[in-house]
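Q: I am new to this structure. Please take a close look at one part of it and walk me through how its helices pack.

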Amino acid sequence: MSRHFQALAGIGLALGGTLVPSVASAQYNRVPDPNATRVMVAVFRSAEKGLGVQAADALRSRMGSDFPFKQVYVLPKQDIVATLEASGFPVADALEPHDQKALATILRADEYLAGTVSKTATGVKVDAQLVLARDNTLVQPLGTYEAKSVGDAAKEISRELKEARKQLEFEKKCTSLGRQGQYDQAIAAAKEGIAAYPKATLARTCWAQVLISQKAPAQQMLEVSREIVNLDPKNKQGLAILAQAYRDLNQQDSSVVTLTRLLATDPKNPRLQKDVVDALTAMANPAIARPIIDEAVASNPGDPELLRARWFILLGQRDFKEAFKQGDELVKLDTSFADTTYFIRTSRAYAADSQAQKAAETAAKGLQKFPNQPALVYEHILSLQKSGQLQPALEALDKALAAKVPVENSSTMRILLLKDLGRTEEIMPAIKSSIAAGDTSSNLKVLALQTANDLTKKAGASKTPEDYEAAIDALKYADSVVPNELKAQSQFLLGAAYVPYGQMLLTNAQASKDCALSKKAKDMFVEAQILLPKGGSFAPDAMRQYMGFVMQLDPAADQMVKAYCK
């Protein structure tokens, strides 16, 4: 079944809690004890038509004779059928796990039994489990039985159920005490449940959850969760806790294997699929998960959720060739798979595979389907830049900014593009504009200093007053915005720039006997003597060399001021 929980829940509201009890009353004329545990038996899953219903009916009948009516109330089949028929659900088909839980909730069941049944050469094979209705990940396996008939199998299941239920009072006590923060008492109750039923997974699960609440050492959680998984290899809570324990103990490979086993327990659960895949792709060695996910895919051919999980694992493993093939297959299977995540990750994979052009093309296709999606815009621009298409990259960025698309690191990206394009005269104004607009990123401030230094080198080569003025203005600005850890560098560079510029001014002043130029050169040397020592920690040797030059030039500036400024 693929219908959602709300479908059944809505029927429960429509019935108003009256239809089901009235049917039960008409059929049985027995009112259950208000303190009796209410147990539902769901239709068993089977490839044989009608066999799942027979198994459920046999177990329901057997339990009716094995369990005291006033202690365990087995919900009549008529109650279940009435609810399913009112909701439009087929009554002879097995429900999906979430729908089983929904039906149990509507019928106010405390527990329910579910399982699978198949025919064998000598009879039937039945697998059964007890599930707590409050949380369908709380599961107690009841075993697998091969028998001549479903009735014989039901007899064995009922006998095991009677033993398994011995843990339940202690599981409830453990849960209650755990919620109250009485952790030691809760664990003691869980241990009592295990003593009452050594194969208990429910009591052990409560124990493990208490350890999590206690923030107990990972080794303790590992031991308990490993016991749960040994008893029930498909136990979701046990696998999840075990995987986290392995991860906390830095046993990454074991964690990956466990997470993949967890995903295989319910590959169609989107929440589980996302959580597990996110964890798997964050692992250092996703290759460990590859054979497990390949096996799961082989066992469930065409299952889009498993194929999606495999795609993520292939990307994490950097098997790009197979990942691209898997991605194409998924898009053909289900066009909705081609969402923003698909285009972004595929584009990044092409970039990582040194196929920058393909990365740009993929991002562009994504933008055709999802115009102005920020992450896709970023990947498109970055891919164009890496493929050497600098002008198209800049045009794409300017277009996005004009449309007010919040592109990640847009200011830094634009400035680097201007730099790569050789448009140096636009760089510093762009930096000032971005910072004035509120961009406080450290990258931008570092670029301000780098750009100012580049302008200084340009001035040293051209030896024109205009270039020196531009360089010094840029260095002053950079010094006003750089973080403290770059302050020594900015002050050294500014002080060092004053020296050759002052020397050039002094030479020009001497040639023209110019008072203003002499004073300006003197001011340069004064500033240099202030700034160079402040920046001395950045380049001590160079600072001493520049100070030596200043000590030679400064007296000459004094003489020229005295001579030319009368």
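A: What follows is a walk along one run of helices, one step at a time.

A word on the source comes first. This is a predicted model.

Start with helix 23. It covers residues 442-462, which makes 21 residues. From its first C-alpha to its last it reaches 30 Å. That is close to the 30 Å expected at 1.5 Å a residue. Which residues of helix 23 are buried? They are Leu444, Leu447, Ala448, Leu449, Thr451, Ala452, Leu455, Thr456 and Ala459. The cover over these buried residues includes helix 21 (410-420) and helix 22 (427-436). It also includes helix 24 and helix 25. Just after helix 23 comes lysine 463, with a positive phi of about 55°.

Next, take helix 24 and helix 25 as a pair. Two packed helices are described by the angle between their axes and the distance between the axes. Helix 24 spans residues 465-481, and helix 25 spans residues 487-512. Their axes come within 9 Å and cross at roughly 160°. An angle over 145 degrees counts as roughly antiparallel. Helix 24 and helix 25 are therefore roughly antiparallel to each other. Their crossing is left-handed. On the helix 24 side, the contact is made by Pro465, Tyr468, Glu469, Ile472, Leu475, Lys476, Asp479 and Ser480. On the helix 25 side, the residues are Lys487, Ser490, Gln491, Leu493, Leu494, Ala497, Tyr498, Pro500, Tyr501 and Met504. By class, this contact of helix 24 with helix 25 has 11 nonpolar, three polar and four charged residues.

Now pick out one residue. Valine 499 sits in helix 25. Is valine 499 buried or exposed? Its relative accessibility is 2%, so valine 499 counts as buried. What does valine 499 contact, leaving aside its neighbours within four places in sequence? The partners are Phe525, Ala528, Leu532, Tyr546, Phe549, Val550 and Leu553. Tyrosine 477 is 22 residues from valine 499 in sequence. C-alpha to C-alpha, the two are 18 Å apart in space.

Several of those partners lead to the next pair. Helix 26 runs over residues 515-534, and helix 27 over residues 540-564. The axes of helix 26 and helix 27 come within 9 Å and cross at roughly 150°. That makes helix 26 roughly antiparallel to helix 27. The crossing of helix 26 and helix 27 is left-handed. Helix 26 brings Cys515, Ser518, Lys519, Lys522, Phe525, Ala528, Gln529, Leu532 and Pro533 to the contact. Helix 27 meets them with Met543, Tyr546, Met547, Val550, Met551, Leu553, Asp554, Ala557, Asp558, Met560, Val561 and Tyr564. The contact of helix 26 with helix 27 divides into 15 nonpolar, two polar and four charged residues.

To recap, valine 499 of helix 25 touches Phe525, Ala528 and Leu532, among others. Phe525, Ala528 and Leu532 also belong to the helix 26 side of the contact with helix 27. Tyr546, Val550 and Leu553 are among the partners of valine 499 too. These three are part of the helix 27 side of that contact.

Terms used: Residues numbered from 1 in each chain as written. Predicted model: local features only at pLDDT ≥ 70, side-chain atom pairs only at ≥ 80, totals over all residues. Heavy atoms only, no water. Axes fitted to C-alpha atoms, helices over the stretch in contact; angles between N-to-C directions. Helix = DSSP H or I, 4+ residues; strand = E, 2+ residues; numbered from the N terminus. Parallel < 35°, antiparallel > 145°, perpendicular 65-115°, else oblique. Left-handed = near helix turned anticlockwise from the far one by under 90°. Contact = heavy atoms within 4.5 Å. Nonpolar A, V, L, I, M, F, W, Y, C, P; charged D, E, K, R; others polar. Expected span 1.5 Å × (residues − 1). Buried < 20%, exposed > 50% of the residue type's maximum accessible area, 1.4 Å probe, protein only.
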